[in-house]
Amino acid sequence: MRLLKPVMLSQHSQKWMVYALGGGLGHFQRSLSLARAATQFGHQIHIISNSRFLDFIPWKKEIETSGIKVTVIPYNIDRIKTICRVRETLMNDNYDRLIVDIFPRGIAGELPELMEDLKIPKILVSRFLNPVYVKKFNLQNEIKRYQLIISIEKIAPFIDTRFSKMTEPWLLFNDNELYSREKARIHFGLSPKNDNPLIMVCGTGNKEELNFFSGLADELNHKLKNSKVLFNTPLNHPGQKNIWPLLKFINGVDVVIGTGGYNLVHESRLTETQLFAFPQKRLYDNQFLRLTPDECCKGLEELIYKIEKTRFKKVKRSAYENGAVSAMKMIEKLQ
């Protein structure tokens with residue numbers, strides 16, 4: 001893993017535990033974003049995750065020679081076994097901070113009891129959460145267990161809480177770590193002299209969603225003769241590409257097509273990459289709220305129309321602020 005900058009100590013070296021349980025990729029990737037930022041300042045990070053994506057993405061390459069440890073809890077074990085594994089990890093390790101991604105009570109409601117014995121700063125990372133879930137489990141009361149809430153998008157539910165602070169979205173890489181357009185396009189198998197638009201169709205959902213986006217890529221390949229269309233998924237599904245993390249190569253992409261998940265939306269916006277999305281229903285998220293009307297599509301013809309409108313639009317990408325770096329500085333200062 002290439003370092004952001006030479007490792008430097010801003011305070012004494014701390015050990016952080018990051019609770020990143022959840023079946024999707026977002027929980028793990030956000031936690032890895034924070035971990036990469038924190039290790040540049042000499043901190044050691046222990047992430048626990050049960051993402052079903054961990055069997056398919058080369059995440060180990062991103063933590064080589066770093067101070068990051070990952071404990072994988074199988075995603076397909078039952079609730080009781082999951083709680084036991086979480087308890088074992090949290091109770092048998094020494095750390096200075098507990099950072100919880102998204103779910104204040106944990107995914108199985110196990111955290112409140114475990115937190116009683118943890119006399120350390122506790123931090124909640126907050127993106128959008130379904131209001132029905134927030135009300136059902138009285139999360140406005142549960143968040144009082146935390147000393148800091150870091151809201152990582154404007155639609156986060158606890159953003160007006162007095163101990164909530166806002167950051168820009170968290171990305172896995174800073175802007176100076178991304179491949180140049182030329183280098184990225186070579187990685188995608190394109191000649192540096194070929195400047196035709198590159199359209200990346202991304203699939204990360206269930207089998208039905210993967211089939212939809214794979215078929216969409218096929219349709220676009222037939223209809224957009226002057227563009228290169230690639231289907232990319234980190235899952236075990238027939239595709240032309242299996243690239244993760246896509247962000248590293250996004251400067252070589254002209255149009256990104258996918259759902260409205262946290263990572264894809266904010267990576268596209270911060271890098272000023274044109275995004276067109278087919279938002280999907282999620283139990284705890286709302287992709288429709290995250291997207292703008294201009295980003296949303298309802299069908300193939302509307303998608304093609306929007307792509308054609310932007311075909312000759314050239315964007316000079318500018319530097320962006322990575323919220324994971326700002327969050328790291330907030331967390332290390334907690335007493």
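Analyst: A residue counts as buried at under 20% relative accessible area, exposed at over 50% and partly exposed in between, using a 1.4 Å probe and protein chains only. The structure is a predicted model, in which local features need pLDDT of at least 70 and side-chain atom pairs pLDDT 80 or more, while totals for chains, interfaces and linings use all residues. Residues are numbered from 1 along each chain as its sequence is written, and side-chain values use heavy atoms, with hydrogens and water left out.

User: Why is strand β2 described as mostly covered?

Analyst: Strand β2 covers residues 44–49, and five of its six residues are buried. Strands here are DSSP runs of E with at least two residues, helices are runs of H or I with at least four, and both are numbered from the N terminus.

User: What makes β1 and β2 a pair?

Analyst: Two strands pair if DSSP finds at least two bridges between them. Strand β1 (residues 15–19) and β2 have five bridges, in the parallel sense, so the condition is met. Within this pair, W16 stands opposite I45 in β2. The chain passes from β1 through α1 to β2 in a right-handed β-α-β crossover. Right-handed means that, with the strands pointing away from the viewer, the path from the first strand over the helix to the second runs clockwise. On strand β3 (residues 68–72), I68 stands opposite I45, and β2 and β3 also pair in the parallel sense over five bridges.

User: How do you know that α1 is largely enclosed by the rest of the structure?

Analyst: For α1, 14 of the 14 residues are buried, so the helix is largely enclosed. Its first and last C-alpha lie 20 Å apart, close to the 20 Å expected at 1.5 Å a residue. The expected span is 1.5 Å times one less than the number of residues.

User: Why is β9 also called largely enclosed?

Analyst: Strand β9 (residues 228–232) has four of its five residues buried, which means that the rest of the structure largely encloses it. Strand β8 (residues 198–202) pairs with β9 in the parallel sense over five bridges, and C202 stands opposite N232 in β9. From β8 the chain crosses through helix α7 (residues 207–223) to β9, again as a right-handed β-α-β crossover.

User: What makes a space a cavity, as distinct from a pocket?

Analyst: On a 1 Å grid over the protein atoms alone, a cavity is a set of points where a 1.4 Å probe fits but cannot get out; a pocket is an open set with protein on both sides within 12 Å along at least five of seven lines, and lining residues have an atom within 4 Å of a point. The whole structure holds one cavity of 30 Å³ or more. The largest cavity has about 40 Å³ of space, and its lining includes Q29, S33 and W170. The largest pocket has about 1,100 Å³ and is lined by 50 residues, among them G23, G24, L25, G26 and R282, which lie nearest its centre.

User: How is I102 classed, and how is E272 classed, by accessibility?

Analyst: I102 has 1% relative accessibility and therefore counts as buried. E272, at 32%, counts as partly exposed. I102 lies in the loop between β4 (97–101) and α3 (111–115) and has a positive phi of about 75° although it is not a glycine. E272 is in the loop between α8 and β11 (274–277), with a positive phi near 60°.

Definitions and conventions
Points joined across faces, edges and corners; volume = space filled by probe spheres on them.
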